[in-house]
Each structure stands twice: as C-alpha cells, then as structure tokens.
Amino acid sequence: MRIQITTQNMSLTNALRELVHTRLRHALGRFAHRIQDAAVSFEDVNGPRGGRDMQCRIKLLLRPRGEVNVSAVAVFPGAALSEAAQRACRCVRSRTRRRWMLRRRTRD
C-alpha cells in the first residue's frame, strides 16, 4: 500500500507523517493486500479563526477495482485522522464482505 500525504493551509511535519503511516497500518493492515494506493489530505478549513477546523480526507484505491472516500473533521489533525481511518476500515470491510458474499452465492 502506497501512501501519499498532502496538506493545504498547514505544514506537514515529520511527526504527522509518521502518525499517518502508523494509524493507517493499524486501521487497514489486515486489508493491505486489497489496497493499492492511499491518499491522505489535511486541510485547515477555518484558518486562524479556530474551532473544529482540521479536515482529514482519505481516498483508497482498491484491488481489483473500487474506491473508498472518507473524511472527518476535528480540532486536531491526529483526531481527524483517527476518525477517518476508522471510517475507512468500516467501508473497506463492508466492501470486501459484500464481494465475498457475491462470490459465495455464485458458487452455490
């Protein structure tokens, strides 16, 4: 799984980069063989105004085909990343379960 990280209106630190790799490996590790690419983007939506303004978007390209897009907003980038990674895990799990059930029905 290749991971690409981009930011808008904020700087990308090494700590945030390591956090992205760690959280995605933890949340999506069991589906790594099904994920071709992962694009993670962070954006400071409100700028200096404050509030719930860190948005994390995760886009996954699945094998053999398919795409999962999730996003989350939180005060801190790490919190937004954690929420988005959990959502991505649920989406990938339901996609793979659905494909498995369809293959199982065609065999019977």
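**Close-ups of strands, a buried aspartate and two salt bridges**

The count of salt bridges here comes to two, and the structure you're looking at is a predicted model. Each pair gets its own view below, along with the strands and one buried acid.

**View 1. Strands E1 and E2 run parallel, joined by seven bridges.** E1 covers residues 2-8 and E2 covers residues 35-44. If you want a landmark for the pairing, find Gln 8, which stands opposite Glu 43 in E2. To get from E1 to E2, the chain goes through helix H1, residues 14-28. Check the hand while you're here: this β-α-β crossover is left-handed.

**View 2. On to E2 and E3, which run antiparallel.** Strand E3 spans residues 54-62, and nine bridges hook it up to E2. A handy spot to look is Ala 38, sitting opposite Leu 60 in E3.

**View 3. Asp 44 is a buried acid in strand E2.** Why does Asp 44 count as buried? Its relative accessible area is 11%, and the cut-off for buried is under 20%. Leaving out residues up to four places away in sequence, Asp 44 touches Gln 8, Asn 9, Met 10, Asp 53 and Met 54. Gln 8 is thus a familiar face from the first view, where it stands opposite Glu 43. Also worth a look is Val 73, 29 residues along the chain from Asp 44, with 9.6 Å between the two C-alpha atoms.

**View 4. Arg 2 and Asp 37 make a salt bridge between two strands.** The closest N and O atoms of this pair are 2.6 Å apart. Arg 2 belongs to strand E1 and Asp 37 to strand E2, so the salt bridge ties together parts that are 35 residues apart in sequence. Is Arg 2 buried or exposed? Arg 2 counts as exposed, at 53% relative accessibility, since the label applies over 50%.

**View 5. Arg 87 and Glu 83 form a salt bridge inside helix H2.** Here the closest N and O atoms sit 3.1 Å apart. Helix H2 takes in residues 77-107, and the two partners lie four residues apart in it, about one turn of the helix. As a general point, side chains of opposite charge can pair when their charged atoms come close. How exposed are the partners? Arg 87 is partly exposed, with a relative accessible area of 31%, and Glu 83 is partly exposed too, with 29%.

How values were computed
Residues numbered from 1 in each chain as written. Predicted model: local features only at pLDDT ≥ 70, side-chain atom pairs only at ≥ 80, totals over all residues. Heavy atoms only, no water. Pairing = 2+ DSSP bridges. Right-handed = clockwise from strand over helix to strand, strands pointing away. Buried < 20%, exposed > 50% of the residue type's maximum accessible area, 1.4 Å probe, protein only. Contact = heavy atoms within 4.5 Å. Salt bridge = Lys/Arg side-chain N within 4 Å of Asp/Glu carboxyl O.
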